[in-house]
Amino acid sequence: MTTSQATEANQPLDVLVVGAGISGLTIAHELAIAKQCRVLVAEAQDRVGGAITTASNDQGYLWEEGPNSFQPTPELLRLAVDVGLKDELVLADGKLPRFVFLNGKLNALPMSPPSAIATKVLTWGGKIRLALGAIGFARPAMAGEESVDQFFTRLLGKQAVERLVAPFISGVYAGDPKRLSASAAFSKIARLETYGGLLAGAILSSKERKSKQINDPNIPKTKSGELGSFRQGIKMLPEAIATKLRAQGTPVKQQWTMRSLHKQGDIYSAKFDTPTGEEIVTARSVVLTTPAYVSAQLLKDYLPNASQALSEIFYPTVACVVLAYPKSEFAYDMKGFGNLIPRTQGVRTLGTIWSSSLFAGRAPEGWQLLLNFIGGTLDPALAKLSEPEIIQAVHQDLKKTILRPETKAEPKAIAVHVWDKAIPQYEIGHLQRLATIETELQKSQGLYISANFIGGVALGDCIKQSLQDANKIAEFLK
Ligand SMILES: Cc1cc2nc3c(=O)[nH]c(=O)nc-3n(C[C@H](O)[C@H](O)[C@H](O)COP(=O)(O)OP(=O)(O)OC[C@H]3O[C@@H](n4cnc5c(N)ncnc54)[C@H](O)[C@@H]3O)c2cc1C
């Protein structure tokens, strides 16, 4: 057993960051570079990025097996510019239509009020119910915590939930609207109701948002609806952050798996399994950015109540299935972002991102690359399928949804990534669990948790949350 050289002859670090996903790297970047703290990042895998998993092959395909694009939030763009990626940013056209598969065909989702009137996604009854709800004619909330299903059914009607909200939930959380908490999973939307209807709330909050936008000439300007990535995929961001940290002297250790945490006096001591044996790192503060089930294990003896609350956060299994077909095999022109599929349509796949329609250089000429999602909270049986079975299930679904039904083409299977525990679910009781974790952490000054089960799962939300937490840690270190 050795005490890591990074702690310089028993001098404790300022901050030990556990996990080198986007949350951990953002915190380390902010603390080591902006705040000049002594930081070490320890990551269990042999690469940085966590859920961000870009891959490529020599046949001309470049694909994502985790997040496939991001909303270009001001914090994310600033971070990308800070690590030298300004010219690598690519933006997918915000006007590309998104589709819902209903009654055997794709229907474009309305992107503006006139197209909302013309849309075939809802019947006239459904549209009137949605419009009334949006301007504030809705039953008041029932007592207790509302599920996403209850909240949106009360506000927008059953049809809008089945055809618009539920597919969207599948797309973001791979979750069950009846189990997700409206106030936790959609806190921003749930708050809009307090303005007197979702529409009024949306208008007012967009005015607020515009007034808060930063006017920095270094930050690329983006248009509404645009989605971002980088020329060589999203992994460019974590890799560029890690490179900058290392260049500036902050160690980013890979294959360092944290096993336990103790505190003696004011100093934390963490044990790691590493390729060269056990290492101990001492630090004045520690931030865990690991998934909730890992943090639960790490805090089992040290903060048992926090550990219990963390262990209750559910992660469903989701498979990302990357397939390619000749462009001639599709029933549509494939100009769009992708399609979502309501659970009522007899199709197992949750949705398909039309990857090569979004960003250039993702597939060879004449081929269409697709990223399909299958599994989630409502389909636990997915976990029992083999890879060939998963590919076949998705292929049969694509024949029902976007391929020409008579096609004889077999899929070119580029990759199947089964995430046993994919995305944390903000289920009923989530805010109470977070409150318990927060109360417990206050008993142990200098210990922090910053992760995608707190401020939102999207990359932009993780970065925003991490920056807030980095400021808290810097304050503590003062
Ligand atoms: C399939 C999928 C699709 C998604 N699609 C999108 C999308 O299109 N757009 C979007 O904005 N977001 C998307 N997300 C969400 C987003 O990718 C994640 O919320 C975000 O990347 C989480 O980052 P993180 O750093 O908080 O956690 P993670 O990326 O999970 O990082 C945690 C890190 O901790 C490490 N670790 C675990 N245990 C230990 C240990 N004991 N010691 C040391 N290190 C440890 C892990 O190896 C990992 O690297 C998607 C997520 C998934 C899974």
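The domain assignment divides this protein chain into three parts. Domain 1 is built from three stretches, 2-51, 235-314 and 425-477. Domain 2 also joins separate stretches, namely 55-70, 90-95 and 315-419. Domain 3 is a single run, 110-212. The model is predicted. Domains 1 and 3 touch, with 6 residues from domain 1 and 10 residues from domain 3 in the contact. On the domain 1 side, 3 of these residues are nonpolar, 2 are polar and 1 is charged.

Next comes the sheet. It is an open sheet of 7 strands with mixed pairing. Read across, the order is β8-β7-β15-β16-β17-β14-β18. β8 (105-108) and β18 stand at the edges. Each has a single partner strand, so one side of each is left without a neighbour in the sheet. Neighbouring strands are turned against each other by 25 degrees on average, direction ignored.

Helices pack on this sheet too. α6 touches β7 (98-102), β15 (338-340) and β16 (351-353). The direction of α6 makes about 115 degrees with that of β15. Helix α14, residues 387-401, also packs on the sheet. The strands touched by α14 are β7, β14, β15, β17 and β18. Its direction makes about 60 degrees with that of β14.

Now look at β14 itself, residues 318-326. How many of its 9 residues are buried? The count is 8, so the strand is mostly covered, where buried means 20 or more other C-beta atoms within 10 Å. On one side, β14 is joined to β17 (residues 367-375) by 9 bridges. These two strands run antiparallel. Two of the pairs can be picked out by name. Proline 326 has tryptophan 367 of β17 as its bridge partner. Leucine 323 is matched with leucine 370, again in β17. β14 is also joined to β18 (residues 412-419), here by 7 bridges. This pair is antiparallel as well. Valine 318 stands opposite tryptophan 419 in β18.

β14 also leads to the ligand, as one of the elements that give two or more residues to the shell around it. The others are α1, β11 (257-264) and α16 (459-477). Which element gives the most? It is α1, with 3 residues. In total, 36 residues surround the ligand. The closest are Gly19, Gly21, Ser23, Gly50 and Pro67. By class, the shell has 22 nonpolar, 13 polar and 1 charged residues. Domain 1 and domain 2 each supply at least three residues to this shell.

Two residues have a backbone angle worth checking. Most residues other than glycine have a negative phi. Glutamine 36 has a positive phi, near 60 degrees. This residue is found in the loop between α1 (22-34) and β3 (39-42). Is glutamine 36 buried or exposed? It counts as exposed, because it has 11 C-beta neighbours inside 10 Å, and the limit for exposed is 12 or fewer. Alanine 174 has a positive phi as well, near 50 degrees. Its place is in the loop between α6 (158-173) and α7 (182-185). Alanine 174 is buried, because 26 other C-beta atoms lie within 10 Å.

Two last residues show how sequence and space can part ways. Arginine 284 is in strand β13, residues 277-288. It is partly exposed, with 19 other C-beta atoms within 10 Å. Arginine 284 and leucine 16 are 268 residues apart along the chain, yet their C-alpha atoms are separated by 8.1 Å. Leaving aside neighbours within four places in sequence, arginine 284 is in contact with Pro12, Asp14, Asp266, Ile267, Gly446 and Leu477.

Serine 444 lies in the loop between α15 (430-441) and β19 (447-449). It has 16 other C-beta atoms within 10 Å and is partly exposed. How far apart in space are serine 444 and isoleucine 390? They are 45 Å apart, C-alpha to C-alpha, with their places 54 residues apart in sequence. Beyond neighbours within four places in sequence, serine 444 is in contact with Lys263 and Leu303.

Definitions and conventions: Residues numbered from 1 in each chain as written. Predicted model: local features only at pLDDT ≥ 70, side-chain atom pairs only at ≥ 80, totals over all residues. Helix = DSSP H or I, 4+ residues; strand = E, 2+ residues; numbered from the N terminus. Pairing = 2+ DSSP bridges. Axes fitted to C-alpha atoms, helices over the stretch in contact; angles between N-to-C directions. Contact = placed C-beta atoms within 7 Å. Domains from an automatic or database assignment. Nonpolar A, V, L, I, M, F, W, Y, C, P; charged D, E, K, R; others polar. Near = placed C-beta within 6 Å.
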